[in-house]
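Reader: I'd like to go through this one with you and ask where the labels come from. Can you put it up on the screen?

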Amino acid sequence: MSDRRTIYTKQIIKKAFLHLLNDHSLEQLTVKGLCLEADINRATFYRHYQDIYYLFEEIRTELLNTISVTVVRDMANINFLTIIYNNQGFYTELFRTSSLSSIILESNQCLIEAEIEQAKNPEQFDFEEFKYSFEFYIYGLEGLLKAWLNDGCELPPEQFAQILKKVTP
């Protein structure tokens with residue numbers, strides 16, 4: 001199979017998966033149901049993925065690669081919020097199975113450490129204060145995003161971004 005066909009097939013599978021997550025939890029999804037939604041056969045699915053959970057992890061890994069420190073600094077980033085808005089089922093499931101804070105910390109540990117090193121001015125930098133302030137900020141943002149998702153993202157991303165800008169430093 002050519003790379004272009006493989007990429008296309010995986011996109012179709014992921015699109016169907018994300019669509020199904022809008023109405024079902026990860027545990028409720030089946031390969032059979034996903035194949036029906038994607039209009040592919042089971043052999044095609046298994047050619048690319050071991051199971052539903054492997055597919056979920058691949059999408060999660062792709063997410064980790066897209067979240068950067070700039071998004072952490074500006075969680076009101078409209079592009080990030082639009083991605084969440086357009087894939088509510090996936091992000092609801094993601095936040096149910098793991099925390100945003102752990103995703104951000106996992107994906108940006110090296111960058112966060114570099115940021116700390118750059119910010120250190122021996123006379124003015126308090127590492128403990130920074131550490132706890134950062135965690136407070138991340139957990140607060142996680143709570144706001146979860147609340148937005150639990151409300152079915154009733155507010156459009158632009159309006160939610162304005163609220164985030166008002167309540168975050």
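**Pocket, helices and odd loops**

Author: Sure, and let's begin with a pocket: the lining of the second largest pocket splits into 6 nonpolar, 2 polar and 2 charged residues. Keep in mind that this is a predicted model.

Reader: Which residues of that lining lie nearest the centre of the second largest pocket?

Author: Ile59, Glu62, Leu63, Ile83 and Tyr91, out of 10 lining residues. The space in the second largest pocket comes to about 190 Å³.

Reader: What makes Glu62 charged and Tyr91 nonpolar here?

Author: Just the grouping used: Glu is listed with the charged types and Tyr with the nonpolar ones.

Reader: And which helix gives the most to the lining of the second largest pocket?

Author: Helix 4, with 4 residues. At least two lining residues each come from helix 1 (3–21), helix 4 (52–66) and helix 7 (88–97).

Reader: How many helices and strands are there in the chain?

Author: The chain has 10 helices and 0 strands. Along the sequence the pattern reads α-α-α-α-α-α-α-α-α-α. Of its 169 residues, 37% count as buried.

Reader: Take helix 6, then. How do you know that its buried residues line one face?

Author: The buried ones in helix 6 (residues 78–86) are Phe80, Leu81 and Ile84. Looking down the axis of helix 6, the buried residues fall within an arc of 95 degrees, so they line one face. Asn79 and Asn86 are exposed on the other side of helix 6. The general rule is that an α-helix has 3.6 residues a turn, so residues three or four places apart point the same way.

Reader: Why is Phe45 called buried?

Author: Buried means under 20% relative accessible area. Phe45 has 0% relative accessibility, so it counts as buried. Phe45 sits in helix 3, and leaving out residues up to four places away in sequence, it touches Ile13, Val31, Leu34, Cys35, Ile40, Asp51, Ile52 and Leu55. With Leu34, the C-alpha to C-alpha distance is 8.7 Å, at 11 residues apart in sequence.

Reader: What makes Tyr53 partly exposed rather than buried or exposed?

Author: Partly exposed is what lies between the buried cut-off, under 20%, and the exposed one, over 50%. Tyr53, at 43% relative accessibility, therefore counts as partly exposed. Tyr53 belongs to helix 4 and touches Leu26 and Glu27, again not counting residues up to four places away in sequence. The C-alpha atoms of Tyr53 and Leu29 are 9.7 Å apart, with their positions 24 residues apart along the chain.

Reader: Now the loops. What makes Asp39 stand out in its phi?

Author: Its sign. Most residues other than glycine have a negative phi. Asp39 is not a glycine, and yet its phi is positive, about 60 degrees. You'll find Asp39 in the loop between helix 2 (31–38) and helix 3 (42–48).

Reader: Is Asp39 buried or exposed, and how do you know?

Author: Exposed means over 50%. Asp39 has a relative accessible area of 71%, so it is exposed.

Reader: What is the phi of Cys153, and is Cys153 buried or exposed?

Author: Cys153 also has a positive phi though it isn't glycine, with a value near 50 degrees. Cys153 is in the loop between helix 9 (127–150) and helix 10 (157–167). The relative accessibility of Cys153 is 2%, so it counts as buried.

Note on methods:
Residues numbered from 1 in each chain as written. Predicted model: local features only at pLDDT ≥ 70, side-chain atom pairs only at ≥ 80, totals over all residues. Heavy atoms only, no water. Buried < 20%, exposed > 50% of the residue type's maximum accessible area, 1.4 Å probe, protein only. Arc of directions from axis to C-beta. 1 Å grid on protein atoms, 1.4 Å probe; cavity = no way out; pocket = protein on both sides within 12 Å on 5 of 7 lines; lining within 4 Å. Points joined across faces, edges and corners; volume = space filled by probe spheres on them. Contact = heavy atoms within 4.5 Å.
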